[in-house]
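Here is a walk through one predicted model, taking its pockets, its charged pairing and its surface in turn.

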Amino acid sequence: MSDFLTGIAFFLIIEGLVYALAPSALKRMAEYLPQIPENQLRTFGLVAVALGVLMVWFIRGV
């Protein structure tokens with residue numbers, strides 16, 4: 001459970017850094033997001049999930 005909470009904490013840190021360091025870029029991206037087709041967003045999301053799982057698997061396997 002502590003690993004899960006640590007993962008959420010890291011997510012919040014990274015998310016907070018984006019808002020703190022590049023708010024204008026984030027706003028531009030939010031305006032552009034509706035123009036991207038849903039299948040492309042879904043594909044990117046699945047690739048990100050797979051990459052994250054592989055990273056955890058390799059890190060934990062060592």
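The lining of the largest pocket in this predicted model consists of Thr6, Gly7, Phe10, Phe11, Ile14, Glu15, Gly52, Met55, Val56, Ile59 and Arg60. The space inside this pocket comes to about 340 Å³. Helix H1 and helix H3, which spans residues 38–61, each contribute at least two of the lining residues. H1 gives the most, with 6 residues. Sorted by class, the lining of the largest pocket holds 6 nonpolar, 3 polar and 2 charged residues.

Rolling a probe the size of a water molecule over the atoms shows where empty space is left. The second largest pocket holds about 180 Å³ of space. Its lining is made up of Phe44, Gly45, Ala48, Val49 and Gly52. Gly52 is also listed in the lining of the largest pocket. By class, the second largest pocket is lined by 3 nonpolar and 2 polar residues, with no charged residues.

Arg60, one of the residues lining the largest pocket, also takes part in a salt bridge, where its side chain meets that of Asp3 at 2.5 Å, N to O. Arg60 lies in helix H3 and Asp3 in helix H1, so this pair ties together parts that are 57 residues apart in sequence. Side chains of opposite charge can pair when their charged atoms come close. How many salt bridges does a search of the whole structure find? The search finds 1. As for their surroundings, Arg60 is exposed, with a relative accessible area of 55%, while Asp3 is partly exposed, at 48%.

The surface also carries a nonpolar patch, formed by Met1, Phe4, Leu5, Ile8, Phe11 and Leu12. Together these residues have about 690 Å² of accessible area. One member of the patch, Ile8, sits in helix H1, which covers residues 2–21. Ile8 is partly exposed, with a relative accessible area of 35%. Residues need over 30% relative accessible area to be placed in a patch, so the value of 35% for Ile8 meets that cut-off. Phe11, another member of the patch, is also among the residues that line the largest pocket.

Conventions
Residues numbered from 1 in each chain as written. Predicted model: local features only at pLDDT ≥ 70, side-chain atom pairs only at ≥ 80, totals over all residues. Heavy atoms only, no water. Patch = residues over 30% accessible without salt bridge, like charges linked within 9 Å, V, L, I, M, F, W, Y side chains within 5 Å. Areas by Shrake-Rupley, 256 points an atom, 1.4 Å probe, with all protein chains shown as cover. Salt bridge = Lys/Arg side-chain N within 4 Å of Asp/Glu carboxyl O. Helix = DSSP H or I, 4+ residues; strand = E, 2+ residues; numbered from the N terminus. Buried < 20%, exposed > 50% of the residue type's maximum accessible area, 1.4 Å probe, protein only. 1 Å grid on protein atoms, 1.4 Å probe; cavity = no way out; pocket = protein on both sides within 12 Å on 5 of 7 lines; lining within 4 Å. Points joined across faces, edges and corners; volume = space filled by probe spheres on them. Nonpolar A, V, L, I, M, F, W, Y, C, P; charged D, E, K, R; others polar.
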